[in-house]
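User: I am new to this structure. Please show it to me, then take my questions one by one.

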Amino acid sequence: MRKNAVAGWLLLAPSLLLLGGLVVFPVLYNAWLSLFDKHAFLPVQRFVGLGHYVYFAHDEEFWNSFGHGLVYAGATLVLQLAVGIPAALLLNEGFRGRNLLRGVVLFPYVIPTIVAVILWKWLLNDSYGLVNHLLVAAGVTRAPVAWLGKDWIMASLVITSVWQFFPFVVVTYLARLQTIPPELYEAATVDGAGAWRRFRHVTLPQTRSVLFVIVLLRSIWMFTKFDTVWLMAGDGGVSRYIRTLPVYAYARSFTYLQAGMGAALAVIMFVMLIVATAVYFRVFERQEALS
Amino acid sequence: MRRPGRAGLLYVGGLVLLVVGAFPLFWMLSTSLKPSAEIFATPPRLVPAHPTLENFDRLFADTAFATFFRNSALVSLATVALTLTVSALGAYGLTRFSFAGRDKVAGLILVTYMFAPVMIIIPFYILVKQLGIVNTRLALVLSYTTFCLPFCLWLLRAFFESIPLELEEAALVDGAGRGGAVWHVVLPLALPGLIAAAIFTFILAYNDFLFALVLITSEELKTLPVGVNDLFNATIVDWGMIMAAGVMITVPAVLFFAAVQRYLVQGWGAGGVKG
């Protein structure tokens with residue numbers, strides 16, 4: 001390797017230019033903007049200091065959106081794990097058609113979000129949807145369920161999102177499962193461990209760290225998810241029953257055209273994620289130390 | 001020792017997984033091929049009795065779907081080309097030259113990966129407007145490239161690092177210039193990494209809704225996700241046509257993915273796909 005700083009920096013220049021100009025600068029500008037009352041299009045701005053933050057502390061819509069975000073991220077995370085981990089365990093076994101199935105399971109994750117959403121809106125359609133048809137035919141409900149009405153829209157959003165994102169858990173967990181030395185299982189079997197105890201005492205300890213990463217990434221990504229939530233109900237109607245912080249930030253900026261307010265929401269989300277991540281690392285370290 | 005019923009259990013589980021993964025897509029395809037009377041029939045038929053392409057005809061005749069499709073293809077492919085070029089240059093710089101602060105820079109690049117687009121979309125929009133490129137495909141390409149860069153840089157860096165320097169030096173000794181050595185030695189060996197980066201980038205660009213929603217205002221520049229979502233604005237939602245649109249969007253994504261899937265596993269192992 002040669003010492004040639006100029007060539008090294010030159011090669012990195014396009015990357016640094018893009019990231020500096022289009023990520024780092026906007027992040028800083030965003031923090032600055034959050035201190036102003038600024039119209040989204042017009043060049044009008046007025047310094048308000050921490051005014052927006054104070055406003056949101058008492059804003060019912062803010063706390064609603066925060067609550068929706070917790071429910072949405074929490075429910076989808078738990079269900080993605082509940083579906084994804086057994087699926088990964090299954091796909092780690094040897095059986096005919098396994099490789100085909102590994103490909104099929106990835107479908108929901110590979111297709112664009114817009115497709116996942118229109119697909120589930122159609123399946124969950126109250127009058128003609130297949131889900132309602134099956135539920136009524138099976139006698140589970142007497143009348144069709146208004147899946148996309150205000151009472152069920154959050155459940156529908158969760159179903160759609162879990163379907164769309166559980167393959168990530170499958171792929172990531174499966175990748176780790178494949179690297180567990182078979183000897184560990186053989187030893188456990190010799191010791192008379194059944195399937196459950198092998199999972200409990202071999203698989204789980206071996207996959208602790210990948211689970212740590214999966215939970216971290218999926219929580220952050222679900223908490224900041226915009227497209228699936230927005231596409232599910234758009235801007236009006238029942239959208240307020242699933243509105244999360246990213247959607248609220250979008251609405252503030254581009255519907256009410258209050259860019260400063262939107263920027264403040266982005267800063268709040270960012271701080272929440274940093275704090276949550278730090279706490280999460282702490283807790284994990286402590287557990288690690290205990291075990 | 002195999003317990004009785006283990007194979008049965010596996011197949012039941014496999015079947016459930018198959019239905020969960022594939023049935024919704026099958027249902028979309030089936031609906032898209034049904035005439036409207038069948039779409040709204042009770043009980044619904046699993047397979048269309050009278051398959052027809054009329055939904056697809058309407059999609060192309062009555063909406064700007066072909067334009068959206070073209071825009072999505074152009075933007076996604078341009079993003080792939082630009083991202084691969086920029087990140088390959090950067091990764092080469094990071095692995096083949098040593099200079100002060102190199103590892104710090106690499107770390108900082110990774111930090112930028114933490115910012116979800118929705119957290120900077122407002123200043124991003126204002127910036128793009130200042131640059132005078134709001135409502136252009138260029139704005140989309142630049143946005144997607146920026147958001148794919150950290151991952152692709154790190155992925156390619158890992159691949160370039162695994163290529164022995166001696167191979168490159170041998171080519172240099174044999175009289176190839178540095179460019180020739182890179183082109184004939186480094187890039188072919190890093191091909192799986194380049195392909196994984198290309199898939200990751202394509203999927204992200206093809207899928208994006210937020211940037212396209214905010215940065216594009218004119219009908220003739222819209223990409224698929226925004227354009228297709230607009231189909232719901234009709235007074236009577238044309239489900240057959242919307243399902244046809246879903247099929248048309250899915251086909252390239254699945255084909256692209258199936259063609260190069262085996263490389264993706266490596267890429268996923270190296271860092272995970274965001275979303």
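User: Residues 24 or more positions apart account for what share of the contacts in chain B with a separation of 6 or more?

Analyst: First, the ground rules: residues are numbered from 1 along each chain as written, and chains are lettered from A and ligands numbered from 1 in the order written. This is a predicted model, where local features need pLDDT of at least 70, side-chain atom pairs count only at pLDDT 80 or more, and totals for chains, interfaces and linings use all residues. Two residues are in contact if their C-beta atoms, placed from the backbone, lie within 7 Å. Among chain B contacts with a separation of 6 or more, the share from residues 24 or more positions apart is 77%.

User: How much of chain B is buried?

Analyst: Buried means that 20 or more other C-beta atoms, placed from the backbone, lie within 10 Å of a residue's own. Chain B has 275 residues, and the buried share is 45%.

User: Which helix of chain B gives the most to the largest nonpolar core?

Analyst: A nonpolar core is a set of buried Ala, Val, Leu, Ile, Met, Phe, Trp, Tyr and Cys residues joined through C-beta atoms within 7 Å. The largest has 152 residues, and A:Val170 and B:Leu156 touch the most other members. Helices are DSSP runs of H or I, at least four residues, numbered from the N terminus. With 16 residues, the top giver in chain B is helix H7 (residues 137-161).

User: Where does this core lie relative to domain 1 and domain 2 of chain B?

Analyst: Domain bounds come from an automatic or database domain assignment. Both domain 1 (1-52) and domain 2 (58-271) of chain B give residues to the core, so it lies between them.

Technical notes: A residue is buried if 20 or more other C-beta atoms lie within 10 Å of its own, exposed if 12 or fewer, and partly exposed in between; C-beta atoms are placed from the backbone. Helices (H or I, at least four residues) and strands (E, at least two) are DSSP runs, numbered from the N terminus.
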